[in-house]
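User: I am new to this structure and should like a close look at a single part of it, centred on one charged side chain. Please begin there and then set that part in its wider context.

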Amino acid sequence: MSGQLFVIGTGPGNPDQMTPEALGAVSKATIFFGYGPYLDRLNLRADQTRQTSDNREELDRAGAALRAASEGAIVCVVSGGDPGVFAMAAAVCEAIDNGPDEWRAVDLVILPGITAMLAVAARVGAPLGHDFCAISLSDNLKPWATIERRLKAAAEGGFVIALYNPISKARPWQLGKAFELLREHLPDATPVIFGRAAGRLDERIALQPLSAANAATADMATCVIIGSAETRVIAREGKTDIVYTPRFSVEGTGD
Ligand SMILES: C[S@@+](CC[C@H](N)C(=O)[O-])C[C@H]1O[C@@H](n2cnc3c(N)ncnc32)[C@H](O)[C@@H]1O
């Protein structure tokens, strides 16, 4: 008998930014798989069990969750933010693609969540108000040359760029290198937003021009949003600046 497998996101960390739909899945499930700090956000009941694992063991975790669901359990796989953005939903799909036939029979329910770039964008205004893209700066799962090519194409294409996984102890230089590359394609004044731990108690938001953007401002809990040539900053007396990208694009200004 096959059970059910929910794949949910907790949102960026503010409990009010977890969807009612995801909360409904949490109340139904009996076994939870995820990185410990994400499971800590759920206030699980005594009858619900936790299977924590390191964030780098995503495929093993997906396989274990599918095995439990295929044996009849109601299982919940938990990511931060949205589960489909650089997170567990793709790992679960990958495990099904390469796994035994019975995993294809599992009732799979992937529920959307609020991803980090949306929480960061809302803190400063509307930097994602026109075309944008999201790029993970981690070169664990793709070559650095691919990241450089995508950054250049995004800047040349006039996209606002949201960078996930900007920096870590094992990847200390990549964000600085990305800024160097983007300076060759974007104006000096292009706004760079460092949104750290958006929605959590230790949230920190910083705004710097691309010409002076300092990679040391970011850590692994930061989503960095780099404007396009059209992104604007509105200075306000006694209040934080507003950053937005106009809804209209004038031919030539963003290229
Ligand atoms: C492995 S990705 C997971 C993304 C997640 N699934 C999402 O939708 O937000 C981890 C990266 O997400 C970003 N991130 C996650 N939570 C964040 C938050 N509360 N504030 C800012 N960035 C965050 C950071 O760039 C971090 O390095």
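How does Arg45 count in terms of relative accessibility?

Analyst: Arg45 counts as partly exposed, at 38% relative accessibility (buried is under 20% relative accessible area, exposed over 50% and partly exposed in between, with a 1.4 Å probe and protein chains only). The model is a predicted one, in which local features need pLDDT of at least 70 and side-chain atom pairs count only at pLDDT 80 or more, while totals for chains, interfaces and linings use all residues. Residues are numbered from 1 along each chain as its sequence is written, and side-chain values use heavy atoms, with hydrogens and water left out.

The side chain of Arg45 forms a salt bridge with that of Asp47, at 2.9 Å from N to O (a side-chain nitrogen of Lys or Arg within 4 Å of a carboxyl oxygen of Asp or Glu). Asp47 is also partly exposed, because its relative accessible area is 47%. In general, side chains of opposite charge can pair when their charged atoms come close.

A further salt bridge brings together the side chains of Asp40 and Arg50, with 3.0 Å between N and O. This pair links distant parts of the chain, 10 residues apart: Asp40 lies in the loop between α2 and β3, whereas Arg50 belongs to strand β3 (helices, H or I with at least four residues, and strands, E with at least two, are DSSP runs numbered from the N terminus). Arg50 counts as partly exposed, at 40% relative accessibility.

The loop between α2 (36-39) and β3 (49-52) also holds Asn43. The backbone of Asn43 deserves notice: its phi is near 50 degrees, a positive value in a residue other than glycine. Asn43 is exposed, because its relative accessible area is 69%. Another residue with positive phi that is not glycine is Phe86, where the angle is near 45 degrees. Phe86 is placed in the loop between β4 (74-79) and α4 (88-98), and it counts as partly exposed at 42% relative accessibility.

The wider context may now be considered. The structure has seven salt bridges by the rule. One of them joins the side chains of Glu203 and Arg123, at 2.6 Å from N to O. Glu203 lies in the loop between β9 and β10 (204-209) and Arg123 in helix α6 (residues 116-124), so this pair ties together parts that are 80 residues apart in sequence. Glu203 counts as partly exposed, at 25% relative accessibility. In addition, Arg196, Asp202 and Asp219 are joined into one network by salt bridges that share partners.

The protein chain is divided into domain 1 (4-110) and domain 2 (116-244), with bounds from an automatic or database domain assignment. Taken over C-alpha atoms, the centres of domain 1 and domain 2 are 28 Å apart. Seven residues from domain 1 and eight residues from domain 2 take part in the contact between them (heavy atoms within 4.5 Å). The salt-bridge rule finds zero such bridges across the interface of domain 1 and domain 2.

To return to the part requested, Arg45 is partly exposed and is paired with Asp47 through a salt bridge.
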